[in-house]
Amino acid sequence: MPNIQVSALAPSTQVIRFNRPHARNALSLALLQETATALHAAQNDDSVRVVVLTGDDKAFCAGADIKEMSNTGIPMWGQSERLLAWKTLENFPKPLIAAVEGYALGGGCEMTLLCDIVIAGQNARFGLPEVKIGAFPGDGGTQRLPRAIGKSRAMWMIMTGSLIDGPKACDWGLATEITPAGGALARACEIAQTIGDMSPIAVRMIKEEVLMTYTKSLDESLSLERKLLLWQTHDHNEGIAAFLEKRRPVFSGR
Ligand code: CAA
């Protein structure tokens, strides 16, 4: 049985659904690599404008597969195949939306931290409980969680392994929006559709520019932002023309 299911639930939106329900969608190496392969394909497919990651009603993803941990001699976060797969997620240039129901723990929570928008069902539970197995969040959690929710809350979550529910995750800025239980995927697809109607080149530039906040100084990223603004695209001309002609723009991604 494949570890993920890939489908199109809306035009221009690709949904990658984790499919290890017996293991609460734990991130086995196979699941991680299949996800990376699907993202590579989505990146090269112009008809895909937004990707939604989701799980099932019990779990988005319960983190690294703890049963797999003892199978290898080296720490799993040091395996090159795993690191490469994480890099694919990290560098994915198109919008990535997480639709979370149930548990998003450990590596599953770290995946949501790499998503651009996170929609959480009322029953969602977020946490980085690695400390309980004598580890720490080694796939970006120690760095991205404090940036998302602040140092004190991040320290509390990471040091105690405590989980927070969907409403609190939304309140703290870890999630974008909360839906009734079972409604996260539909809402994520709705948002994906809105973004999918925009100019893909503008959306790609927005993602690149916003992510510079995490990697560059303000001076450096402001000057890069100005350089990016100098780009003239067909879509920009089309957007202006459509506004003046009072019609919907047709964006081509050029
Ligand atoms: N890895 C492997 N198997 C897992 C798993 C995981 N992360 N999480 C759940 N499972 C398995 C369980 O072992 C169980 O399998 P069996 O039926 O064979 O016993 C099955 O999924 C169902 O799990 P539960 O019966 O525990 O279901 P629950 O609904 O009562 O609890 C849960 C769900 C809260 C997610 C609980 O399973 C749990 O705490 N899982 C571990 C979560 C965790 O610690 N994640 C962090 C992992 S470490 C990491 O990501 C990064 C790192 O260290 C580098």
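Me: Where does Phe243 lie?

Reply: In this predicted model, Phe243 sits in helix H11, which spans residues 234-244.

Me: And is Phe243 buried or exposed?

Reply: The general idea is that nonpolar side chains in soluble globular proteins tend to be buried together. Phe243 has a relative accessibility of 67%, so it counts as exposed, since the cut-off for that word is over 50%.

Me: Which residues make a nonpolar surface patch with Phe243?

Reply: Ile240 and Leu244 join Phe243 in a patch of about 370 Å².

Me: Let's turn inward. Which residues touch the most other members of the largest nonpolar core?

Reply: To read a core, look for buried nonpolar residues joined through their side-chain atoms. The largest one here has 43 residues, and Val51, Leu53, Phe60, Phe126 and Leu145 touch the most other members. Helix H1 (residues 29-43) gives the most to this core, contributing six residues. There is also a second, separate core of 15 residues, with Ile119, Ala184, Ile191 and Val203 among them.

Me: Now the strands. How do S1 and S2 pair?

Reply: Start with the direction of the two strands, then count the bridges. Strand S1 (residues 4-10) and S2 run antiparallel and are joined by five bridges. One position to find on screen is Val6, whose bridge partner in S2 is Ile16. The two strands form a hairpin with two residues between them.

Me: What is the phi of Ser12 in that turn?

Reply: Ser12 has a positive phi of about 70°, although it is not a glycine. Its place is in the loop between S1 and S2, and at 21% relative accessibility Ser12 counts as partly exposed. Another residue to look up is Arg24, which has a positive phi of about 50° and is not a glycine either. Arg24 is found in the loop between S2 and H1, and it is partly exposed, with a relative accessible area of 36%.

Me: Which sense, parallel or antiparallel, does S2 take with strand S3?

Reply: S2 and strand S3 (residues 50-54) run parallel, joined by five bridges. Val15 is one residue to follow across, as its bridge partner in S3 is Val52. As for its surroundings, S2 (residues 13-18) has five of its six residues buried, so the strand is largely enclosed by the rest of the structure.

Me: What is the strand order in the open sheet of four strands?

Reply: To read an open sheet, walk across it from one edge to the other. The order here is S4-S6-S8-S9, and the pairing is mixed. Strand S4 (59-61) and strand S9 (163-165) stand at the edges with a single partner strand each, so one side of each has no neighbour in the sheet. From one strand to the next, the twist averages 20°. Within this sheet, strand S6 (residues 103-105) pairs with strand S8 (residues 125-127) in the parallel sense over three bridges. Ala104 has Phe126 as its bridge partner in S8, and Phe126 also appears among the residues that touch the most other members of the largest core.

Me: How many salt bridges are there?

Reply: Here the idea is to look for a side-chain nitrogen of Lys or Arg within 4 Å of a carboxyl oxygen of Asp or Glu. By this rule the count comes to ten. One of them joins Arg20 and Asp65, whose closest N and O atoms are 2.8 Å apart. Arg20 lies in the loop between S2 and H1, while Asp65 lies in the loop between S4 and helix H2 (66-69), so the pair ties together parts that are 45 residues apart in sequence. Both Arg20 and Asp65 are buried.

Me: Which parts of the chain does the pair of Arg144 and Glu90 link?

Reply: Their closest N and O atoms are 3.5 Å apart. Arg144 is in helix H5 (residues 141-149) and Glu90 in helix H3 (residues 80-90), which puts them 54 residues apart. Arg144 counts as partly exposed at 23% relative accessibility, and Glu90 counts as partly exposed at 31%.

Me: And what does Lys207 meet in a salt bridge?

Reply: The side chain of Lys207 meets that of Asp116, at 2.8 Å from N to O. Lys207 lies in helix H9 (residues 200-215) and Asp116 in the loop between helix H4 (107-114) and strand S7 (117-121), so this pair ties together parts 91 residues apart in sequence. Lys207 is buried, with a relative accessible area of 11%, whereas Asp116 is partly exposed, at 33%.

Methods: Residues are numbered from 1 along each chain as its sequence is written. This is a predicted model: local features need pLDDT of at least 70, side-chain atom pairs count only at pLDDT 80 or more; totals for chains, interfaces and linings use all residues. Side-chain values use heavy atoms; hydrogens and water are left out. Patches are made of residues with over 30% relative accessible area and no salt bridge: like charges are joined within 9 Å, nonpolar side chains (Val, Leu, Ile, Met, Phe, Trp, Tyr) within 5 Å. Accessible areas come from the Shrake-Rupley method with a 1.4 Å probe; for residues, only the protein chains shown count as cover. Buried means under 20% relative accessible area, exposed over 50%, partly exposed in between (1.4 Å probe, protein chains only). A nonpolar core is a set of buried Ala, Val, Leu, Ile, Met, Phe, Trp, Tyr and Cys residues joined through side-chain atoms within 4.5 Å. Two strands pair if DSSP finds at least two bridges between them. Axes are lines fitted to C-alpha atoms, for helices over the stretch in contact, and angles run from 0 to 180 degrees between N-to-C directions.
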